[in-house]
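Here is a short report on one protein chain. Look through the sequence and the model first, then read on.

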Amino acid sequence: MLQILAAAALILAGLTSVALTQETRPPEVAGLRGTAPLADNSDSPRMPRIEDGAMRRVRNYPEQPPTIPHHIDGYQVDRNANQCLSCHARARTGESGAPMVSITHFMDREGQFLATVSPRRYFCNQCHVPQVDARPPVENDFVDIDSLINPTGRQ
């Protein structure tokens with residue numbers, strides 16, 4: 001890695017034109033584009049299927065925004081209306097069966113509680129996204145906190 005940085009520094013300084021050899025070439029990273037060179041157009045991945053009506057997913061860490069277990073295509077969420085609140089508002093959860101928005105959504109920047117949803121928490125799609133049937137586009141080794149604290153899984 002140090003060889004790569006040194007070669008890059010020399011090239012940027014204009015001191016030499018170093019050719020990257022197999023030893024100094026960075027490893028191929030398969031990201032969202034796969035291994036396609038930046039100059040090439042790659043095929044777009046298929047849009048994942050929304051898990052409409054799916055059970056709510058377990059969250060991986062405290063304060064993680066829950067995903068949305070249903071379609072939201074065509075929902076109006078703008079400064080004039082928020083269609084999410086037609087089911088998730090405190091007064092509507094009894095008839096809709098939907099979970100109420102978190103109490104944190106009623107707090108202003110200073111932590112004071114408001115009578116209605118805070119304007120800074122009003123646009124749901126800033127944090128919440130529909131659940132989809134998709135594999136992670138890039139491999140990762142994320143381990144949730146409960147697995148770290150209690151690796152045996154016993155209560």
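## Asp-133 and its partner

In this predicted model, Asp-133 is partly exposed, with a relative accessible area of 45%. Its salt-bridge partner is Arg-49. The closest N and O atoms of the two are 3.6 Å apart. That falls within the 4 Å allowed for a salt bridge. Arg-49 is exposed, at 54% relative accessible area.

The pair ties together distant parts of the chain. Asp-133 sits in strand E2 and Arg-49 in strand E1, which spans residues 49-50. The two residues are 84 positions apart in sequence.

## The other salt bridges

How many salt bridges does a search of the whole structure find? The count is three. Besides the pair above, one joins Arg-57 and Glu-51, with an N to O distance of 2.9 Å. Here the accessibilities differ in class: Glu-51 is buried at 18%, whereas Arg-57 is partly exposed at 42%.

Another salt bridge brings together Glu-95 and Arg-92, at 3.1 Å from N to O. Glu-95 counts as exposed, with 61% relative accessibility. Arg-92 is partly exposed, with a relative accessible area of 33%.

## A buried acid without a salt bridge

Asp-144 lies in the loop between strand E2 (132-133) and helix H4 (145-149). Asp-144 is buried, yet it has no salt bridge. Which side chain of opposite charge is nearest to Asp-144? It is Arg-59, and it is 11 Å away. A salt bridge needs a nitrogen of Lys or Arg within 4 Å of a carboxyl oxygen, so Arg-59 does not qualify as a partner.

The side chain of Asp-144 does have a polar contact with the backbone. It reaches the backbone nitrogen of Asp-146 at 2.7 Å.

## The loop between E1 and H2

Gln-64 and its neighbour in sequence, Glu-63, deserve a look together. Gln-64 lies in the loop between E1 and helix H2 (85-88). Glu-63 has its place in the loop between E1 and H2 as well.

Are these residues buried or exposed? Gln-64 is buried, with a relative accessible area of 15%. Glu-63 is exposed, with a value of 69%. The side chain of Gln-64 reaches the backbone nitrogen of Asn-60 at 2.4 Å.

The backbone of Glu-63 also calls for a note. Its phi is near 70°, a positive value in a residue other than glycine. Most residues other than glycine have a negative phi.

## Overall layout

The chain has four helices and two strands. Along the sequence they follow the pattern α-β-α-α-β-α. Of the 155 residues in the chain, 15% are buried. Asp-144 is among the buried residues. Gln-64 is another, and so is Glu-51.

## Pockets

The largest pocket holds about 890 Å³ of space. Its lining comprises 33 residues. Which of them are closest to the centre? They are Pro-66, His-88, Val-101, His-105 and His-128. By class, the lining divides into 15 nonpolar, twelve polar and six charged residues.

The second largest pocket holds about 650 Å³. It is lined by 22 residues. Nearest its centre lie Val-132, Ala-134, Arg-135, Pro-136 and Pro-137. Its lining has 13 nonpolar, five polar and four charged residues.

## The enclosed cavity

The count of cavities of 30 Å³ or more comes to one. The largest cavity has a volume of about 30 Å³. What lines this cavity? The residues are Ile-68, Ile-72, Tyr-75, Val-77, Cys-84, Cys-124 and Asn-125.

By class, six lining residues of the cavity are nonpolar and one is polar. None is charged. The polar residue is Asn-125, because Ile, Tyr, Val and Cys count as nonpolar.

Terms used
Residues numbered from 1 in each chain as written. Predicted model: local features only at pLDDT ≥ 70, side-chain atom pairs only at ≥ 80, totals over all residues. Heavy atoms only, no water. Buried < 20%, exposed > 50% of the residue type's maximum accessible area, 1.4 Å probe, protein only. Lys, Arg positive; Asp, Glu negative; His and termini not counted. Polar contact = N/O pair within 3.5 Å; in protein donor to acceptor, adjacent residues only side chain to side chain. 1 Å grid on protein atoms, 1.4 Å probe; cavity = no way out; pocket = protein on both sides within 12 Å on 5 of 7 lines; lining within 4 Å. Points joined across faces, edges and corners; volume = space filled by probe spheres on them.
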